[in-house]
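Please find below a colleague's note on the model, written to be read with the sequence and the structure side by side.

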Amino acid sequence: VAQYSAYCEVATGILLVLNMLTPRRNLILMVLYWQFLQLRFVLEKAMGNTSGVLHLSFAAVDRRITTTLSKGPGIIMKGYGMVKSMLARQVALPEPGAKPKCTVS
C-alpha cells in the first residue's frame with residue numbers, strides 16, 4: 001500500500017509539472033509540492049533507507065522515462081541526463097564536516 005501511495009505522489013508531482021502547460025497552472029502549488037517531495041526524499045536518504053518507497057517510485061519513473069527517451073534523438077536523452085544530474089545534486093547529503101551550503105550570519 002505504501003509503494004502505491006508513493007507512486008501516486010510522484011505521479012501527482014509530474015501532473016503538476018505538465019499542468020504548467022495549461023491555462024489552469026498553479027506555480028506556487030507545484031513548487032510547494034515538489035519541495036515536500038524533496039524533503040521526504042532527503043529524509044529517506046538521511047535515515048539510510050535508499051530502498052524506501054519514494055526512492056523506488058522515482059527509480060521506476062526514471063526507468064520508464066529513460067526507456068521512452070532512448071528511442072528518440074540522442075540530444076533529448078543528453079538533456080534528460082543533465083536535468084537528472086542537476087536534480088540528484090539537489091538532494092545530495094552534505095559530507096561530514098563540510099561547510100554548509102547556506103549560512104545565516
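The points that follow go from the overall fold to helix pairs, salt bridges and surface.

1. Overall make-up. The coordinates are those of a predicted model, and they should be read as such throughout. The protein chain contains four helices and zero strands, so that its elements, taken from the N terminus on, run α-α-α-α. Along its principal axes the C-alpha trace spans about 45 × 35 × 30 Å, and of the 105 residues 18% count as buried.

2. Helix 1 against helix 2. Helix 1 covers residues 2-19, while helix 2 covers residues 27-46. The axes of these two helices come within 10 Å and cross at roughly 150°, which makes helix 1 roughly antiparallel to helix 2, given that angles over 145 degrees are counted in that class. As for handedness, helix 1 passes helix 2 in a left-handed crossing.

3. Helix 3 against helix 4. Helix 3 takes in residues 53-69 and helix 4 residues 74-90. Their axes come within 9 Å and cross at roughly 155°, and the two helices are therefore roughly antiparallel to each other. Here, too, the crossing is described as left-handed, with helix 3 passing helix 4.

4. The salt bridge between helix 1 and helix 2. The structure holds two salt bridges, and side chains of opposite charge can pair in this way when their charged atoms come close. In one of the pairs, the side chains of arginine 40 and glutamate 9 meet at 2.1 Å, N to O. Because arginine 40 lies in helix 2 and glutamate 9 in helix 1, the pair ties together parts of the chain that are 31 residues apart in sequence. Is each partner buried or partly exposed? Arginine 40 has a relative accessible area of 24% and is partly exposed, whereas glutamate 9, at 18% relative accessibility, counts as buried, since the cut-off for that class is under 20%.

5. The salt bridge between helix 3 and helix 4. The side chains of lysine 84 and aspartate 62 meet in a salt bridge at 3.0 Å, N to O. This pair links distant parts of the chain, with lysine 84 in helix 4 and aspartate 62 in helix 3, 22 residues apart. Lysine 84 has a relative accessible area of 40% and is therefore classed as partly exposed.

6. A nonpolar patch on the surface. Which residues form the nonpolar patch? Ile14, Leu15, Leu18 and Leu21 do so, and together they have about 410 Å² of accessible area. Leucine 18, one of the residues in this patch, has its place in helix 1. With 47% relative accessibility, leucine 18 counts as partly exposed, because the exposed class begins over 50%.

7. Alanine 2 and a contact in space. Alanine 2 is also found in helix 1, and at 47% relative accessibility alanine 2 counts as partly exposed. How far apart in space are alanine 2 and leucine 54, given that they are 52 residues apart in sequence? From C-alpha to C-alpha, the separation of alanine 2 and leucine 54 is 9.1 Å.

How values were computed
Residues are numbered from 1 along each chain as its sequence is written. This is a predicted model: local features need pLDDT of at least 70, side-chain atom pairs count only at pLDDT 80 or more; totals for chains, interfaces and linings use all residues. Side-chain values use heavy atoms; hydrogens and water are left out. Patches are made of residues with over 30% relative accessible area and no salt bridge: like charges are joined within 9 Å, nonpolar side chains (Val, Leu, Ile, Met, Phe, Trp, Tyr) within 5 Å. Accessible areas come from the Shrake-Rupley method with a 1.4 Å probe; for residues, only the protein chains shown count as cover. A salt bridge is a side-chain nitrogen of Lys or Arg within 4 Å of a carboxyl oxygen of Asp or Glu. Buried means under 20% relative accessible area, exposed over 50%, partly exposed in between (1.4 Å probe, protein chains only). Axes are lines fitted to C-alpha atoms, for helices over the stretch in contact, and angles run from 0 to 180 degrees between N-to-C directions. Angles under 35 degrees count as roughly parallel, over 145 as roughly antiparallel, 65 to 115 as roughly perpendicular and the rest as oblique. A crossing is left-handed if the near helix is turned anticlockwise from the far one by less than a right angle, and right-handed if clockwise.
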